[in-house]
Amino acid sequence: MALSNNVIGAINFVAMLLSIPILGAGIWLSNQPADSCLKILLWPVITLGVLILVMALAGFVGAFWRIPWLLMAYLVGMLVLIILLACLVIFTYMVTIRGSGHIVPNRAYLEYHLEDFSIWLQRRVRGSYKWERIETCLSSTQICPDLNQTYTMAMDFFRAYLTPIESGCCKPPTECGYTFVNPTNWISPINNIADPDCIQWNNDQTKLCYSCNSCKAGLLASLKQEWRRADIILLVTLIALICVYLVGCCAFRNAQTEDIFRKYRQGYS
């Protein structure tokens, strides 16, 4: 019994360590431009990480002090959390399976269209109330102003590999035919009806293209990149947690079997 409990305790210690990558993924997301303005995946990830840490700690305490009901609660609770984590991994993959950038002639950067992304993601940015809050968040960052410090010549800017948010929010769509002054100042559009975003462009540094559909698409493209990276971490952690959980179940069953035989031998004696 003692040996099995020691094994369960060690397994729960490993499970506690496995909560660190999940919490790390949540903290990393909170520092990314898109997720800091659109906190969808952030809190579910952090919440799951905290719950897994607490549940593993409960299992560790139950094994160390030999509290059967706490070990049983750990096994049930951890199973639920593993299922929730698996659902989150699958959901994140499914909503980010669509959406990619479009090549623009004579430009190194890509441009993004809102309709390319999943319907679920589009709904997160289509409402005017939702977008006003996100727009305020984006305009308060230094994402666009920093471009003016980096690129002063048009050719340097056109050869730049811009991030999706920089491409969608800091400049007008290329097909509008605006003339470059600096990365956030464009004049004299040739084709103002080529895209609805053409008339949304504003050289006011607090407005730019923050109200454009291209900005919403750029935000979702950044979100997709960030979520895919976090999803890889969550997937690896999920596989490790499943392995740890299965070993823990075997150790718990062995401990129960040893306890039954011990009581039987004592009764026989």
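**Figure 1. Contact of helix α5 with helix α6 in the predicted model.** Arg123, Arg124, Val125 and Arg126 of α5 meet Ser128, Lys130, Trp131 and Ile134 of α6, where contact means heavy atoms within 4.5 Å. The residues of this contact divide into three nonpolar, one polar and four charged. In this division Ala, Val, Leu, Ile, Met, Phe, Trp, Tyr, Cys and Pro count as nonpolar, Asp, Glu, Lys and Arg as charged, and the others, Gly among them, as polar. Helix α5 covers residues 119-126 and helix α6 residues 128-139; helices (H or I, at least four residues) and strands (E, at least two) are DSSP runs, numbered from the N terminus. The two helices pack at an angle of about 75°, with their axes 6 Å apart. Axes are lines fitted to C-alpha atoms, for helices over the stretch in contact, and angles run from 0 to 180 degrees between N-to-C directions. Helices α5 and α6 are therefore roughly perpendicular to each other (angles under 35 degrees count as roughly parallel, over 145 as roughly antiparallel, 65 to 115 as roughly perpendicular and the rest as oblique). The model is a predicted one, in which local features need pLDDT of at least 70 and side-chain atom pairs count only at pLDDT 80 or more, while totals for chains, interfaces and linings use all residues. Residues are numbered from 1 along each chain as its sequence is written, and side-chain values use heavy atoms, with hydrogens and water left out.

**Figure 2. Buried residues of helix α5.** Leu121, Gln122, Arg124 and Val125 are the buried residues of α5. They cover an arc of only 155° around the axis, which puts them on the same side of α5; the arc is that of the directions from the helix axis to the C-beta atoms. Buried means under 20% relative accessible area, exposed over 50%, and partly exposed in between (1.4 Å probe, protein chains only).

**Figure 3. Salt bridges.** The count comes to two salt bridges, a salt bridge being a side-chain nitrogen of Lys or Arg within 4 Å of a carboxyl oxygen of Asp or Glu. In one of them, Lys171 pairs with Glu111, and the closest N and O atoms are 2.5 Å apart. This pair links distant parts of the chain, 60 residues apart: Lys171 lies in the loop between α9 (164-169) and β3 (179-182), and Glu111 in strand β2 (residues 110-111). Both Lys171 and Glu111 are buried. A salt bridge also joins Arg159 to Asp156, with 3.4 Å between the closest N and O atoms. Arg159 is exposed, with a relative accessible area of 53%, whereas Asp156 counts as partly exposed at 35%.

**Figure 4. Asn106 and Leu208, two residues with positive phi.** Most residues other than glycine have a negative phi. Asn106 is not a glycine, yet its phi is positive, at about 65°. Asn106 is found in the loop between β1 (102-103) and β2, and is exposed at 72% relative accessibility. Leu208 also has a positive phi, near 45°. The place of Leu208 is the loop between β4 (185-187) and α10; with a relative accessible area of 1%, Leu208 is buried.

**Figure 5. Surroundings of Gly218 and Leu234 in helix α10.** Helix α10 (residues 213-268) holds Gly218. Gly218 is buried, with a relative accessible area of 0%. Leaving aside neighbours within four places in sequence, Gly218 is in contact with Tyr112, Pro164 and Ile165. The C-alpha atoms of Gly218 and Leu110 are separated by 9.7 Å, although the two residues are 108 residues apart along the chain. Leu234 also has its place in α10 and counts as buried, at 1% relative accessibility. Not counting residues up to four places away in sequence, Leu234 touches Ile22, Val45, Leu85, Leu88 and Val89. From Leu234 to Asp204 the distance is 41 Å, C-alpha to C-alpha, with their positions 30 residues apart in sequence.

**Figure 6. Surroundings of Ser36 in helix α2.** Ser36 is located in helix α2 (residues 33-37) and is partly exposed, with a relative accessible area of 25%. Leu29, Ser30 and Cys137 are touched by Ser36, not counting residues up to four places away in sequence. Ser36 and Ile134 are 98 residues apart in sequence and 9.3 Å apart in space, C-alpha to C-alpha. Ile134 is also one of the α6 residues in the contact with α5.
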